[in-house]
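Please look through the sequence and the fold shown here before reading on. The paragraphs after them walk through the strands and the helices that lie across them.

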Amino acid sequence: MQIQIQTFTVHKRFPLTISRGTTSKSTNILVKIQQENIEGWGEASPISIGEKPQPTTILQQALQQLTPALEKFNPLERQQIEQVLTELQIPSAARAAIDMALHDWVGKKVGLPLWRLWGLERDRIVPISVTIGISTPDAAKQRVRNWLNFIDARVLKVKLGSPEGIEADQAMLMAVKEEAPPDALLYVDANGGWSLKDAVKMCDWLAEVGVVYVEQPLAAVSAMTDLPDLYERSPLPIFVDESCFTAKDIPQLADRVHGINIKLMKSGGLTEGMRMVSVAKACGLQVMFGCYSDSCLANTAAAQLAPLADYLDLDSHLNLIDDPFIGAVMEKGRLSPNDLPGLGVRHLEVI
């Protein structure tokens, strides 16, 4: 099979601030796998969490070095290809791009969308949340209005963990609540921005004001030791993101969280994403699919597994002014994969 690698840059309509910083654009990588006049697509977007950050340059180098090792394989030989990726210690976001492209190729080969190939049901897909980054109360209100002018948003994920402390978090959340539709659901993601003491206080308070769940309240470095205490004391369900990369992380978290956030870039693709769903469900945990600065390509790939999720946070492409792809469609707040074969993603224009 032949492999092509190409970078593209996307810009956010509104910069996003979380506890770790602010992003306004991202340079991602398009991977194309070709064989038998069929072309499968995948995407790698940079991520900064974990022991080894994965900037675009590192991902591009890894994919370029990997290409000669994969050319001898057929896209159907995913098990062998996965072994090569593991042996070469390919970064997870680069693995995700290859894995996505292989799945896209297979779907196009048999003429079926992946969700149909896997026997899933689109009517089980829950609404996605749209994200409100850390900001002042007035700016948060404006961001809610911006989303509502763009889509019929009924689920809002609010980023907290402000460096200004939990009082600033509370003021911002109340501003969002005031501006949001009365029937809107509110989720909170602290991105590891709280101490255990502050997390206990915030979980109590967030439950009182009607928040549904809290995500990654504690930093990943302290989560394993402090999560059991918070788990026992929190009235809210606790999800983890930065503390959970692949299926092997899940069993050790099962007694101290209520759910996990699966992201293709940190899991390494759809293959591992499916494993994570199975392990999480076996451990009695709920499942969420999330995203980084992903375009419609990666989010459409994640949407293929959306019928298996309890919560969905796949809104990054909706905040892009120059997304080069079209794929999954928004219908009544739900991001649904289409009926086209494979991922069902097309170019808006040649990039």
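What follows describes two sheets in turn, each with a helix that lies across some of its strands.

The model is predicted, so that local features need pLDDT of at least 70 and side-chain atom pairs count only at pLDDT 80 or more, whereas totals for chains, interfaces and linings use all residues. Residues are numbered from 1 along each chain as its sequence is written, and side-chain values use heavy atoms, with hydrogens and water left out.

One open sheet holds 3 strands (strands are DSSP runs of E with at least two residues, numbered from the N terminus) in the order 1-2-3, and its pairing (at least two DSSP bridges between two strands) is antiparallel. Its edges are strand 1 (2-18) and strand 3 (38-44), each of which pairs on one side only. On average, neighbouring strands of this sheet are turned by 20° against each other, direction ignored (axes are lines fitted to C-alpha atoms, for helices over the stretch in contact, and angles run from 0 to 180 degrees between N-to-C directions). Strand 2 (residues 21-35) pairs with strand 1 over 13 bridges in the antiparallel sense, and Thr-17 stands opposite Thr-22 in strand 2. Helix 1 (residues 56-70; helices are DSSP runs of H or I with at least four residues) lies across strand 1, strand 2 and strand 3, running at about 160° to strand 1; contact here means heavy atoms within 4.5 Å.

The other open sheet has 8 strands in the order 4-5-6-7-8-9-10-11, with parallel pairing. Strand 4 (130-132) and strand 11 (311-312) are its edge strands, each pairing on one side only. Strand 4 is joined to strand 5 (residues 155-159) by 3 bridges in the parallel sense, with Thr-131 opposite Lys-157 in strand 5. Helix 5 (residues 137-150) lies across both strand 4 and strand 5, and runs at about 160° to strand 4.
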